[in-house]
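Got the viewer open? Here's a short tour of the ligand site and then the empty spaces, stop by stop.

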Amino acid sequence: MRRDGRVDVAIVGAGVTGCSTALRLAEAGLSVRVHDQRGVAEGASGRNGGFALRGGATRYDVARDTYGREPARALWHWTERALDRMESLAGDSLTRVGSLRLAADEEERGHIRSEYDAMREDGIAAEWIDKADLAAHLHSFHGAIEHPGDGSLQPARFVRRLAARAAEAGADIREHDRVDDVASLDATHVVVATDGYGHGLVPELAEAIWPTRGQVIVSEPLDRVLYDRPHYARQGFDYWQQLPNRRIVLGGFRDVSILDELTDVEETTPAIQESLERFMGELIGEQPLISHRWAGIFGLTQDMLPLVGRVPGRDGLWVAAGYSGHGNVLGFACGELVADAILGESSPQLELFDPARFA
Ligand SMILES: Cc1cc2nc3c(=O)[nH]c(=O)nc-3n(C[C@H](O)[C@H](O)[C@H](O)COP(=O)(O)OP(=O)(O)OC[C@H]3O[C@@H](n4cnc5c(N)ncnc54)[C@H](O)[C@@H]3O)c2cc1C
């Protein structure tokens, strides 16, 4: 639906966050317009590894020590509920196959064992797998946590569905429509949902959300299924899954040149691509042909928590961004959260994610 003139809410960004916000608000009866300089899901929401993980971007035990036991536990359960809602909207774009968090060495084994113990203490479902019980092709790893409710997402397909639902509910979604100044939008409320891409659009957020590059490669289809769910290791730096067409999607190795990757230049680099290719060979046991490569940008925050709520000192301006590489579920959930905040609802998550903590 075309909406000219003043609207209740204008949203910048048509990724998972913006589309989730638009859907929630349009269903609540507000007039909504979404602006994206590209097409729906052409930012990180269509360029990611497809991991739909519950929880925050830090290990659970670290989150518990940092934010407190109740806030951490509430955050994990909140994302589990978000995953359930995603499943109800996703059709065939989400399968709840679980995920496997692997330890690359003994030190990491200690870390993820602490995470597992903390989760079990707090009633969060997880299974421990000892090194000896890992499948033969995972013999180089030192143990794992199995997260039963996680999912494998076809992110672009999911977000296009969200956008279609939002449009059906009355939202005007404008693609190839860049916003240079949020003050120019004719709306009572403006939501900035640009995660790593909108650097500079709101100067007050420039130091709070750092654009960060992630790189990915995809293999030609294998002749066998090796990985039946999303796998990740080295604190989540490396992540891979095998798609239904038996291609492996592998991302990571950002730590090879970690400072160079603090950028919004959407280009692959030889150093990281070579590391990805070498690791792909190790994962498969032979060097496959690579069919696709790309880079995407996500928003990193200092405390690894998103920013959701009012931009301090800016009347009617809201943000939902900064998922530190975990935006598939957090982006969906935070899109709804900022919508609920605009509708006047409060929540413990809004306190935890308050952008004012960086003001
Ligand atoms: C390579 C890579 C792998 C990842 N893997 C995973 C994963 O497996 N699991 C996971 O949970 N997360 C992952 N992430 C993170 C996740 O993709 C993001 O956090 C999430 O998609 C953010 O969604 P978003 O809607 O907030 O932002 P985006 O999807 O990035 O959308 C922002 C939109 O804003 C638009 N925009 C920016 N500036 C303007 C402007 N001035 N005017 C108009 N439009 C503008 C952009 O065009 C873009 O479409 C990954 C990210 C990358 C880059």
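**Stop one: the ligand and its shell.** Select the ligand and show what lies within 4 Å of it. You should pick up 36 residues, and the closest are Thr17, Asp36, Ser45, Phe51 and Val179. Keep in mind as you click around that this is a predicted model.

Now colour that shell by residue class. Polar residues number 18, alongside 12 nonpolar and 6 charged ones.

**Stop two: backbone contacts.** Which backbone atoms should you look at around the ligand's nitrogen and oxygen atoms? Start with Phe51, already on your list of closest residues: one of its backbone N or O atoms sits 2.8 Å from a nitrogen atom of the ligand. Next pick Gln37, where a polar backbone atom is 3.0 Å from a ligand nitrogen. Then jump to Asn328, which places a backbone N or O atom 2.8 Å from an oxygen atom of the ligand.

With those on screen, switch on the surface. On its own the ligand would expose 1,000 Å², and the protein buries 97% of that.

**Stop three: who supplies the shell.** Switch to cartoon and highlight helix H1 (16–27), strand E11 (210–219), strand E15 (290–300) and helix H7 (327–342); these are the elements that give two or more residues to the shell. E15 makes the largest contribution, with 3 residues.

**Stop four: the cavity.** Leave the ligand and look for enclosed space. How many cavities of 30 Å³ or more are there? The count comes to 1, with a volume of about 120 Å³. To find it, select Asp195, Gly198, His199, Leu205 and Ile209, the closest to its centre among the 15 lining residues. Colour the lining by class and you get 9 nonpolar residues, 5 polar and 1 charged.

**Stop five: the second largest pocket.** Finish with an open space, the second largest pocket, at about 560 Å³. Centre your view on Leu153, Gln154, Pro155, Leu243 and Pro244, which lie nearest the middle of this pocket out of 29 lining residues. In cartoon view, highlight strand E4 (94–95), strand E8 (151–153), helix H5 (155–168), strand E13 (238–242) and E15, since each of these gives two or more residues to the lining. H5 gives the most, 3 residues. You've met E15 before, in the shell around the ligand.

Last colouring job: the lining of this pocket splits into 12 polar, 11 nonpolar and 6 charged residues.

Methods:
Residues numbered from 1 in each chain as written. Predicted model: local features only at pLDDT ≥ 70, side-chain atom pairs only at ≥ 80, totals over all residues. Heavy atoms only, no water. Polar contact = N/O pair within 3.5 Å; in protein donor to acceptor, adjacent residues only side chain to side chain. Areas by Shrake-Rupley, 256 points an atom, 1.4 Å probe, with all protein chains shown as cover. Helix = DSSP H or I, 4+ residues; strand = E, 2+ residues; numbered from the N terminus. Nonpolar A, V, L, I, M, F, W, Y, C, P; charged D, E, K, R; others polar. 1 Å grid on protein atoms, 1.4 Å probe; cavity = no way out; pocket = protein on both sides within 12 Å on 5 of 7 lines; lining within 4 Å. Points joined across faces, edges and corners; volume = space filled by probe spheres on them.
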